[in-house]
Amino acid sequence: MDTKEILCQLRNRKGMSQDELAEKVFVTRQAVSRWENGETTPNVETLKLLSKVFDVSINTLLGSPRKLICQCCGMPLDDSTISKETDGSFNEEYCKWCYTDGEFKYESKEQLIDFCVEHMANESWPAEQVRAHMEAVVPYLNHWKK
């Protein structure tokens, strides 16, 4: 889906008119119309406002062009698992379990890996395999490269 279709769909789901949306994001109704007709796309600052109005990530507003993964644990991210900052804005780098309210939950790779092994291991994915997977993935994620 394109940004124009996504914006129209989200606006309609909220039961908002183009005028109402325009007022919330400080643009004209004509600007909203141009977005929904595909003539233009919102600028970065407006995308941030739209993200808050609709409670979806900017990645979602843009049609999910990137496959997001948590840069702490490697988990795939979607709007329900992306972390948020203290102001309510999405942080598309981390999941809500690794980063919440501006703070990281895990102090070390080892602490994260031990937690994942304990909670992810099951009959079809034994603890040794979970540990091997996490040890192969985690060190290459941006949060741990520092």
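A salt bridge is counted here when a side-chain nitrogen of Lys or Arg lies within 4 Å of a carboxyl oxygen of Asp or Glu. In this predicted model, the side chains of lysine 48 and glutamate 45 satisfy that criterion, with an N to O distance of 3.4 Å. Both residues belong to helix 4 (residues 44–54), and because they are three residues apart they are separated by about one helical turn. The geometry follows a familiar pattern: an α-helix has 3.6 residues a turn, so residues three or four places apart point the same way. Lysine 48 itself is partly exposed, with a relative accessible area of 42%.

The rule yields five salt bridges in total, and two further examples show pairing across long stretches of sequence. Aspartate 55 and lysine 84 meet through their side chains at 2.6 Å, N to O. This pair links distant parts of the chain, with aspartate 55 in the loop between helix 4 and helix 5 (58–61) and lysine 84 in strand 1 (residues 82–84), 29 residues apart. Both partners are partly exposed: the relative accessible area is 43% for aspartate 55 and 30% for lysine 84. The other example joins arginine 66 to glutamate 92, again through the side chains, at 3.0 Å from N to O. Here, too, distant parts of the chain are linked, since arginine 66 sits in the loop between helix 5 and strand 1, while glutamate 92 lies in strand 2 (residues 90–95), 26 residues away. The surroundings of the two partners can be set side by side: arginine 66 is partly exposed at 44%, whereas glutamate 92 counts as buried at 16% relative accessibility.

It helps to place these pairs within the overall fold. The chain contains eight helices and four strands, arranged from the N terminus in the order α-α-α-α-α-β-β-β-β-α-α-α. Its radius of gyration is 19 Å, well over the 15 Å that the globule rule gives for 146 residues, so the chain is more spread out than a compact globule. Along the principal axes, the C-alpha trace spans about 55 × 30 × 25 Å. Of the 146 residues, 36% are buried. Among contacts with a separation of 6 or more, 42% involve residues 24 or more positions apart. The exposed area comes to about 8800 Å², and carbon and sulfur atoms supply 49% of it. As for charge, there are 18 positive and 24 negative side chains, and the centres of the two sets lie 5 Å apart.

Which residues of helix 3 are buried? In helix 3 (residues 29–36), these are Ala31, Val32, Ser33, Trp35 and Glu36. Their cover includes helix 1 (3–13), helix 2 (18–24) and helix 4. Just after helix 3, glycine 38 takes a positive phi of about 80°.

Helix 4, already met through its salt bridge, also holds serine 51. This serine is buried, with a relative accessible area of 5%. Beyond its neighbours within four places in sequence, serine 51 is in contact with Val56, Ser57, Ile58, Leu61 and Phe90.

Two other backbone positions invite a closer look. Most residues other than glycine have a negative phi. Phenylalanine 26, although not a glycine, has a positive phi of about 60°. Its place is in the loop between helix 2 and helix 3, where phenylalanine 26 is exposed, with a relative accessible area of 67%. Aspartate 101 is also not a glycine, yet has a positive phi of about 50°; this residue is found in the loop between strand 3 (99–100) and strand 4 (103–104).

Towards the C-terminal helices, valine 138 occupies the loop between helix 7 (127–137) and helix 8 (142–145). Is valine 138 buried or exposed? With a relative accessible area of 0%, valine 138 is buried. Not counting residues up to four places away in sequence, valine 138 touches Cys72, Cys73, Lys109, Leu112, Ile113 and Trp144. For one of these, cysteine 73, the C-alpha atom is separated from that of valine 138 by 6.0 Å, although the two residues are 65 residues apart along the chain.

Conventions: Residues are numbered from 1 along each chain as its sequence is written. This is a predicted model: local features need pLDDT of at least 70, side-chain atom pairs count only at pLDDT 80 or more; totals for chains, interfaces and linings use all residues. Side-chain values use heavy atoms; hydrogens and water are left out. Helices (H or I, at least four residues) and strands (E, at least two) are DSSP runs, numbered from the N terminus. Buried means under 20% relative accessible area, exposed over 50%, partly exposed in between (1.4 Å probe, protein chains only). Contact means heavy atoms within 4.5 Å. The radius of gyration is taken over C-alpha atoms; the globule rule is 2.2 Å times the number of residues to the power 0.38. Accessible areas come from the Shrake-Rupley method with a 1.4 Å probe; for residues, only the protein chains shown count as cover. Lys and Arg count as positive and Asp and Glu as negative; His and the chain ends are not counted. The place of a charge is taken as NZ of Lys, CZ of Arg, CG of Asp or CD of Glu.
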